[in-house]
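Dear colleague,

I am passing on the structure below, together with some notes on its salt bridges. Please have it open while you read, since the notes go through several residue pairs in turn.

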Amino acid sequence: MPFVKKACSIGLDSRAGADDSSPMSRITAVLGPTNTGKTYLALERMMGHASGMIGFPLRLLARENYERVAAVKGKDAVALVTGEERILPAKARYFICTVESMPLDRQVEFLAIDEIQLAADPERGHVFTDRLLKARGISETMFLGASTMKGLIGHLVPRTQFETKPRFSKLEYTGPRKLLRLPNRSAVVAFSAQDVYGMADLIRRQKGGAAVVLGALSPRTRNAQVGLYQGGEVDYLVATDAIGMGLNMNVDHVAFAALRKFDGRGPRALAANELAQIAGRAGRHMKDGSFGTTADCPDLALETVAAIEGHVFPPIKAVMWRNSDLRFISVASLLADLERRPKLPGLMRARDAEDHLALIALSRDADILSKSDHPERVRLLWEVAQIPDFRKLSVDEHAKLLTQIFLHLTSHQSHIDEDWLDQQVRRLDRIDGEIDHLSGRIAGIRTWTYVAHRADWVKDPTAWQERTRAIEDRLSDALHERLTQRFVDKRTSVLARKMKEGGPLPAHMAEDGAIEVEGHAVGHLQGFSFTPQKTDTLRSARTLAQAAGKILAMELAERAGDLMREEGSGLTLDDQGLVIWQGAAVARLRPGASILAPGLDLIGGEALGRELRESLTRHLKDWSVSYFKKGLAPLYALGEAELTAAPRGLAYQLAEGLGLIASKQADGLTQTLSLAQRRLLEGMGVRFGRLSVFLPALLKPAPRRLKLILWSVWKGREGASPPGPAIACAFVPADGEAWLAAGFLVFKDICLRADKAEDLARQLEALSAAGDHFVLPPPLCTQLGLKPDSLKDAVLALGYRHLGEGRFAAKKPERARREARTAASPFAVLKERFG
């Protein structure tokens, strides 16, 4: 965060602290590697004074240590001051701040700066350097940080007394390891959100989940993610170098997935001391830790390993400096002051920071320059330029927002318009979307939280602060939820750990088949099929199935016994060829040896023993055979009858056609039938019609449904919709072939049930025999369920001529018979329509 020259939210200018020459002021630098207790020492020393202030490098750390101090001193005595959050009790004596937001005009007995080595950071270093040179406590000043700063601190602040703190635990290099072979309680470090998400996703698929920590996360989201790891819900943490400062976690091993990072200007290799800062997260207090790389990352150089293990690094030779004694005479003078170079050795002019670049961009706007015509306006412009670019836009894009804010503040209202601010805030108050959407909204609302803490910029700042904080909290909670959903399989992780520990897992199955193990929903049992709770990975599904294994085996065996004892009384067959028991599909028909002999496969039941599974399958197969034989008795009886020659051939064709064949197809056999054979077949329910040979008993809705099931299974198609009680259809549906299987004849664009088609053919013969022409009787439409135009088409399809005015006449006998039989062929229209 850029340096804030004036802490307007509390109405104080930031001037230099106490004079270094004061004999009462003790300056101490407590230096050493990570895990040395430096922060704990500083907090204890501060609380031993009547008042104090400590600056931390991160808002997250400030919040964490505010809670710690407030628990000891009481919230009325402790203030929290960051760019986006202010808690300022009237009688506050201890101030926990970010380094940029420290109200240095407050005189306190004790003052400390944490991570003082950040004075060398190209982006923020000038703020730490300013505190090093100017910020002092009345009685004691303390700088905390790495030993690499010792020489430079001694040079810049000669009266400093040094105290070196050794690391409590040992840090050891263990070399490269594959990502999925890292030990539990490992933190994997990458340097881009894309890499973090990719590795976290891989760990979730193979290990049950990972928490993620990135610098762009809000403190609330980051704490929630760290809580997952600290609470043992996941054993892995994937993070950027955001974990390198102050996040005290129970990490045993740190694995670097990369050794280069983008620092805002370009990619560069990390220095040994930067790697050490991150690796030092492994092993806390007296517990040793280890560090290494992942297999895809280049190995660490031996000298780098030695430096990290021995905590020995080259000293920092220069720190970043930017002039903080600014004149607000004009924008030009302000820019000139910011560009001034240091005179002391060991100080290096900082590269242009975000606020400096924003000021340059704003100064190019003529309207802004015209309004920056006196010192107070120039100071205001600088304060607006210091609004952090949380959204990480380009300088020009960020400057557009700053321009709008400045113009509002310099309008006649002298504050940001309430309606405009409401629009900006309201559009961010949404918790829908994915991780990137929520992260973007959090970055956006942080801008307005920062603005709301400038008391002279908005009306009713307290209300705006509460509103923006509430929105950030909602967005942060939603982001934590999305991150957890994407990268943590809580159920699988917990169950896998429990199974690894051994011992029985308490399981329960509800009446609806829902199975819970250890209080976690693991799946649902329908019939004999276990469906694991929805997971993204095969490993997760296997874990859930294993967790449910014991209760599944017992329940399936009991269900199989119940089904077989019922002897089919509870079984039904649906239109898709599924055998249903107690509302669940337990078996599926499949193509068998013939259309009348489908096969059957059990659905589920993998946990059943082999013998029981085979017995259950046989039982269901026997039931399906008897089910079809009962519903299609005439057809099966015909196939099982002891017939000879032509009758047997005709019976075979009827079986293949599910009780219906066109007369033309049957001519070769019907013409060879003797009278006795014909009567035998008629006695078995066969009807010889003008257009077809069929079994009238199979034209009723119930047997039609069974025939469609057999046809669908044989053809390998989804169950066709049965015609129901229909006797005619004025068009050939898309599944016209299924209607043929159900017992309907197709006449070009018209379907007629076989018996009704025969009735029509018989009546037309009688009408044509009575004279040269005939008129169709009106009741005929009702009898056939056809409209007049459709009936006319059917008559024409049967070989009759339309003479006009409703009169019809027969064609030549041979031609009429030929065309009628062709029109009634179950395959003619299909061949014409479908090739």
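Which residue forms a salt bridge with Glu-140? In this model, which is a predicted one, the partner is Arg-26, and the closest N and O atoms of the pair are 3.5 Å apart. Glu-140 belongs to strand β9 (residues 140-145) while Arg-26 belongs to strand β3 (residues 26-31), so this salt bridge ties together parts that are 114 residues apart in sequence. Glu-140 has a relative accessibility of 4% and therefore counts as buried, whereas Arg-26, at 32%, counts as partly exposed.

A second pair lies within a single helix. Arg-426 and Asp-422 are both found in helix α14 (residues 418-426), where they are four residues apart, or about one turn of the helix. Their closest N and O atoms are 2.2 Å apart in the salt bridge that they form, and Arg-426 is partly exposed, with a relative accessible area of 48%.

The third pair is Asp-575 and Arg-705, whose side chains meet in a salt bridge at 2.7 Å, N to O. Because Asp-575 sits in the loop between β25 (571-573) and β26 (578-581) and Arg-705 in helix α25 (residues 701-715), the pair ties together parts that are 130 residues apart in sequence. Both residues are partly exposed, Asp-575 at 29% relative accessibility and Arg-705 with a relative accessible area of 23%.

There is also one network, in which salt bridges that share partners join Arg-59, Glu-84, Arg-446, Arg-469 and Glu-472. For the model as a whole, the count comes to 44 salt bridges.

With best wishes

Terms used
Residues numbered from 1 in each chain as written. Predicted model: local features only at pLDDT ≥ 70, side-chain atom pairs only at ≥ 80, totals over all residues. Heavy atoms only, no water. Salt bridge = Lys/Arg side-chain N within 4 Å of Asp/Glu carboxyl O. Helix = DSSP H or I, 4+ residues; strand = E, 2+ residues; numbered from the N terminus. Buried < 20%, exposed > 50% of the residue type's maximum accessible area, 1.4 Å probe, protein only.
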